[in-house]
Amino acid sequence: MALSDVTFLRGQSGLGRPLAGEDHVSGLVAYFTNANLPSGFTSTDRVKIVFSTSEAETLGIIEGSANHSVLWYHINEYFKAQPQGELYLGLYDSTSIDYSVIETVQTFANGRIRQIAVFDVTAYATGTTTTLQTSATALETANKPLVVLYAGDFTAETLSTIGDLRALSNKNVAVILGEDGDGDGAALAASTGASVTALGATLGAVSLSNVHENIGWVGKFQMSKDLELDEPAFADGTLVKDTTTTLQAALQTKGYIFLRKHVGIDGTYFNDSPTSIAVTNDLAYIENNRTLDKAIRGVRTFMLPNLSGPITVNADGTLQEETIAMFKNDSDRALEAMERDGEVSAFVTIIDPAQDVLTTSKVEITLKIVPVGVARQIEVKIGFAVSV
């Protein structure tokens, strides 16, 4: 028995120090009837920003409440995974599901949201990813790109015949099929009779990750450490341990995100970070999208002051070296920071001096980025030898 003493547990997140940059800024959309909206929301005041679970509770989102327990669960899981997160909550009418509200929430956030989760109580459909991609594309066109994490009700799905997301063309949308199998998430799924999923935890992991990082990284994203995800399950209620590795591999091949165990190490981990597009596409994973989005946002910020500015050319109409240097410098500044932070491996900026700027009033710049790779497979050759 230990000696009698007064001991202290030092908290490390009470000050809520803000993170640098905005890669962590997130959104969460959920649907309710107007009569069941939390007290802090109305039919004309649907979007709020919170920095902690307790702030969400002041808006009437209470643990165990009849109407908001699942929403509270996802918010709490988000902040467990990302204690310094910023979360925009958008609560909309469930009597007429409108997925384009992610555009409304992003506009409310002035384009700050980098990843947004959509919790849908209606039946899961692969076609919903296409609808969500339409809004994601519109936001991308408006210079407000984001990644969408989507979860519906999978209880009517059969895991072996579920739709193939890799056959779609929805690069910005990822589908969450994982769920807690023996904790609060499982209890909520049982009481509601619908999928709860690990949507909040996944959103938190993406928010916590650097843009180039895969949330399946075993060395960083141990999801049962602070969250109740010790027993991974699929969102139809099937425990992962009760399925074959063949089925799990098939679900990964189809592009779903779920939770799994690894032999030889404790904890629960994500299988990968696929989006709903062919695996051969450059943007087939969340980290690819987030890296490119950050590069585009950064380059655009430095390039904007040059918009509609004068361009002096040589006597033969070609761009002057000083002009090329100016555009190259502004383009490189954002990417140099990303390279320094390890978010890209290398890059090059190419500007053709012979382009006809006087006729077109357009400067064409080509950026080639070498991304950071992901060790999805590690192959070790091992055997005996008579000598080494």
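Two strands count as paired if DSSP finds at least two bridges between them. With that in hand, here are some close-ups of this predicted model.

**View 1. Strand β1 sits beside β3 and β4.** Let's start with β1, residues 25-32. On one side of the story is strand β3 (residues 86-93), which pairs with β1 in the parallel sense over 8 bridges. In that pairing, S26 stands opposite L87 in β3. Then there is strand β4 (residues 115-123), which also runs parallel to β1 and is joined to it by 4 bridges. Here V29 is the residue to look for, standing opposite V118 in β4.

**View 2. Both faces of β1 are buried.** Follow the side chains along β1 and you'll see V25, G27, V29 and Y31 pointing one way. S26, L28, A30 and F32 point the other way, and they are all buried too. Buried here means under 20% relative accessible area. Since 8 of the 8 residues of β1 are buried, the strand is largely enclosed by the rest of the structure.

**View 3. Helix α6 is largely enclosed as well.** This helix covers residues 199-208, and 9 of its 10 residues are buried, so the rest of the structure largely encloses it. The buried ones are L199, G200, A201, T202, L203, G204, A205, V206 and S207.

**View 4. F258 is a buried residue in a loop.** You'll find F258 in the loop between β10 (256-257) and β11 (259-262). Is F258 buried or exposed? Its relative accessibility is 2%, so F258 counts as buried. Leaving out residues up to four places away in sequence, F258 touches L177, G178, F234, Q248, L251, Q252, Y269, F270 and N271. For a link back to View 1, try V118: it is 140 residues from F258 along the chain, and the C-alpha atoms of the two are separated by 16 Å.

**View 5. The largest pocket has a mixed lining.** How much space lies in the largest pocket? About 780 Å³. The elements giving two or more residues to its lining are α7 (245-253) and β11. Helix α7 provides the largest share, with 5 residues. In total 31 residues line the pocket, and Q252, R260, N271, D272 and R376 lie nearest its centre. Two of these names may ring a bell: Q252 and N271 are also among the residues that F258 touches. As for character, the lining divides into 14 nonpolar, 11 polar and 6 charged residues.

How values were computed
Residues numbered from 1 in each chain as written. Predicted model: local features only at pLDDT ≥ 70, side-chain atom pairs only at ≥ 80, totals over all residues. Heavy atoms only, no water. Buried < 20%, exposed > 50% of the residue type's maximum accessible area, 1.4 Å probe, protein only. Contact = heavy atoms within 4.5 Å. 1 Å grid on protein atoms, 1.4 Å probe; cavity = no way out; pocket = protein on both sides within 12 Å on 5 of 7 lines; lining within 4 Å. Points joined across faces, edges and corners; volume = space filled by probe spheres on them. Nonpolar A, V, L, I, M, F, W, Y, C, P; charged D, E, K, R; others polar.
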